[in-house]
Structure formats: C-alpha cells, structure tokens
Amino acid sequence: MSRVGILMRTTAVRLSALYLVLFSLCAAFLVFYVTGMSQRLLDQQTKDAVSAEATQIEAIYGRAGVNGLLRTLERRARQPGAALYVIAGPTGEILAGNVASLQPGLLDKEGWTDEAFAYQRYTDETRKDRHVALAQVLFLDNGLRVLVGRDLQEPEKFRVLVRQALMVALGVMGVGALIIWFAIGRNALKRIDRMSDASTRIMAGDLSQRLPMSGSGDEFDRLSESLNAMLGRIEKLNEGLRQVSDNIAHDLKTPLTRLRNKAEAALAHNTSIDGYRGSLDEIINESDQLIRTFNALLMISRVEAGSSAAEMSDVDLSQSVADCVELYEPLADEHALSLEAEVEPGISVTGNRELIGQALGNLIDNAVKYSEGAADARILVKLSRREGGAVVSVADFGPGVPDDKREVVVQRFVRLDQSRSKPGTGLGLSLVEAVMELHHGRLALRSTMPEADGAKGLTVDMIFPQIPT
C-alpha cells in the first residue's frame, strides 16, 4: 500500500480531511451569502437614490413646468457621476437626456423596470460599449415620459471585488488548512510508525522496549504511557518467572537431594523401628520445608496477579500492627530478643488485613532470625503517619544488608547467607514487596543506625499511600 493510502487510513488524517471538507463547504456558502447580501444592499441603495431623484423631478415639473425640468436635467446630466436622465415623447422617441439609446419597449410602462436593462451613452457610440442600469419611468400629464436611473457598473464592480477578496482570503485559508492537515497526518503517521517499530521489537521478545512518547500529553502519549506501564508489569512478571525457574532448579535441588539421600540411608542402614521413625521424621521436616516454599511461591504469584484485590477494605493498621507484635513476642523471647512497639493510634488504610499481617510477620521473623547474637538485642516495630500516608517500620540491629545488595535481596530465593545455615526460603521479602505493590505502596530498605556510629542493622519500611478519611 502506498504511503498516501496508509496516511488516509489514520484517524487524525480522516478527521482533518472531514474538517477540511466542512470548512470548504462553509467557506463557499459564506462567499455566496456575503456577495448576495452585498448585491441586495447595493440594489436597495440604488432604488432609494432613484426614488428620491424621481420625487424631486416630479416636484420640479410641478413648479417650473417642462422648461424648468429640461434645465434641471441638463445641469444634472453634466455633473460627474451623473445618473441617467431621459425625456421621451408619447411614442418613446428620445427628446433629451444623456443616453444615446435604450432597450426597446423600456418606456412603454410606468414605474420600475422589471429588471436591469442595457443602454448606450453618447461617449460610447464609437466604441459600441453597452452598460446596464436600473431605472424608474414617470408619465407626465402632457404625455411626456421621463426616465431616471442609475448605472449598475460600479455596484457590480464592488460585488465582484468583494467576491474575489473573499475567495482569495478563503483560498489562502484553505491552502493553509490543507498544509496543516498534511502536516498533522504526516506527524501522526511518523508516530504510528515509531510505535509499530517498537511493537515489532516487543513481539520479537525484547520486553525492555517501550513505546515512544513526545511529551505533548495527547492521546498517543496517554496510550503509550498505559501500554508502557503494562509492558513494565509484564517484563517484571517474566523476569520473576525466569528467576523462579532458575532458582527452583538451584534451591530446590538441594532439599530434594537430601530427601533422597535420607530415604536411601534409611533403607541401607536402619534396621530398627526407631531408626526408620527418625529417618521419616527428618524426611517429613524436609518435605514441610518444600511445601512452605511452594506455598510462598503460590502466595506471591496470587498477590502479584491481584487476585486479592476484590477483598480490599478499611483496615485498622494500628490494631493489626499491635496484634502482630503481640503474636511474635514469644518467638523473640525464645531468641533472647526484646520486641518493642511504637504504634500511633487511629491509623487506617485500604487493604487486605491478612496479607498485611503476613507481610509484617515475615519482616519480624527475618529480624528475629538475623538479630540473634547482636550486641543490641532488640527489635523495634514502629507505625507512624508520613505525608498523608502510613509507614510501618521493622528495625533490627543485626549485621544489616550492604547498600549494593538491597535491590537484590528482595528477589526470589536470594539469600545473603550463602552457607544456608539459617532456616528460610529467601521468599519473605519478595512476598512483602508483592503485598506492597498490591496496596499501591512500596518497600524501602535502609540502615538502622548511621555507619559513623559503627552500628548497621536493617530497617524495612512498608510505605502505604494516602490514608482514607
């Protein structure tokens, strides 16, 4: 298909073409309407002037008779821009005036001429020029006939001039509109071509591509912004799926291998009921860990897919945080840790109570796990308002997380404990991040204490958006 054909298939060009056609029709109507109104106005002015002169001539004839009428018409006929004056006999022969000849039969009827008529001046006899005029015929009581008229050449010139001026002006506007129409269509086509190129690369598998934006904020930019957000979401989900596939192959291989080895060792060495029972207990523990891992993965997938969005409601965040801290106090005591809470009352958010509780529980569980043996054996859970929203912070004083690892540690199966000496699946922070995205919030990691103080620790902030009023 030719480029013009492609251009004509774009919505912007079609709309511009429609506007151009409507503009042309309106312009044509305007030209004929204005020129018609001008012509009617000039004709009416001509008739008013002729009527006034005819009234004056009748008055002069009544006062001064035929001689006075002849002198008056002779004087007026010599003036610049004089009207048409004719005195004719009862049979229509011209006796006096400034007209050489008239259209036959014009003087046979009293009153206004039916239409414009042709006549010839004395100065045009050698050139045979003919003019057009509008006149009124008067019948005098002595049988003479008087014609008073106005030449229509000047009004006609004015009418033609007005029409030409309007046509030129509207023609220039039409050409400008055509140029603008072409420019808009060409720009729209270029943007569509760029979007098509980006879409082709995206369909080829490059999900890092984004649809171009011009920054004008028009419908193309709004569409590109929405699609780019969707592409970012898809890219993140695909990256998460790839990481899950890789990490499942890596992290689940070890517990599965341990399961097989324990079963094989039980068959090979255990000869007593107690020995078999002990091996089965170890196998069950390993199986439970695998089940917890798969349950965590399933929960993250459901949260990221937004399956819990329909269960959103107003949640008393202050009460939820207090309940969660109370639930985990025995676990902290078992590890010789002090679990402290600073909860600002009366804070509510729109969300899912169960998911928020599970996310906060994961953070407290991680803090307990990595604070064991720290010099400052305490964990601080804090809820406060911030810039119209709410922040739940879980701070510990353990080894902390290096700055360059804080973006990596929220990924699935990522654990900084390379020896895997501490229990866990590496999915806790991934679940917390998914829960915060579901609540249109975000997860932030920072050091609990400044590095200059020699203390590190880790503080994880769950930042919720606007608090409902």
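**Nonpolar cores, strand pairing and helix α9**

Strand β3 (residues 101-102) and strand β5 (residues 117-120) pair in the antiparallel sense over two bridges; pairing requires that DSSP find at least two bridges between two strands. This is a predicted model, in which local features need pLDDT of at least 70 and side-chain atom pairs count only at pLDDT 80 or more, while totals for chains, interfaces and linings use all residues. Residues are numbered from 1 along each chain as its sequence is written, and side-chain values use heavy atoms, without hydrogens and water. Helices (H or I, at least four residues) and strands (E, at least two) are DSSP runs, numbered from the N terminus.

**Strands**
- Leu102 has Tyr119 of β5 as its bridge partner.
- β5 also pairs with strand β6 (residues 131-139), in the antiparallel sense over three bridges; there, Ala118 is bridged to Val132 of β6.

**Nonpolar cores**
- The largest nonpolar core (buried Ala, Val, Leu, Ile, Met, Phe, Trp, Tyr and Cys residues joined through side-chain atoms within 4.5 Å) has 42 residues, of which Leu317, Ile364, Met462 and Phe464 touch the most other members.
- Elements giving two or more residues to this core include α7 (317-334), β11 (378-386) and β14 (458-464), and α8 gives the most, with eight residues.
- Leaving aside residues up to four places away in sequence, Ile364 touches Cys324, Tyr328, Leu339, Val381 and Val394 (contact means heavy atoms within 4.5 Å).
- Another core, of 14 residues, lies apart from it and includes Ala54, Leu73, Ile87 and Val146.

**Helix α9**
- Nine of the 11 residues of α9 are buried (under 20% relative accessible area, 1.4 Å probe, protein chains only), among them Gly428, Leu431, Val435 and Leu438.
- His440, which follows α9, has a positive phi, near 60 degrees.

Note on methods: Buried < 20%, exposed > 50% of the residue type's maximum accessible area, 1.4 Å probe, protein only.
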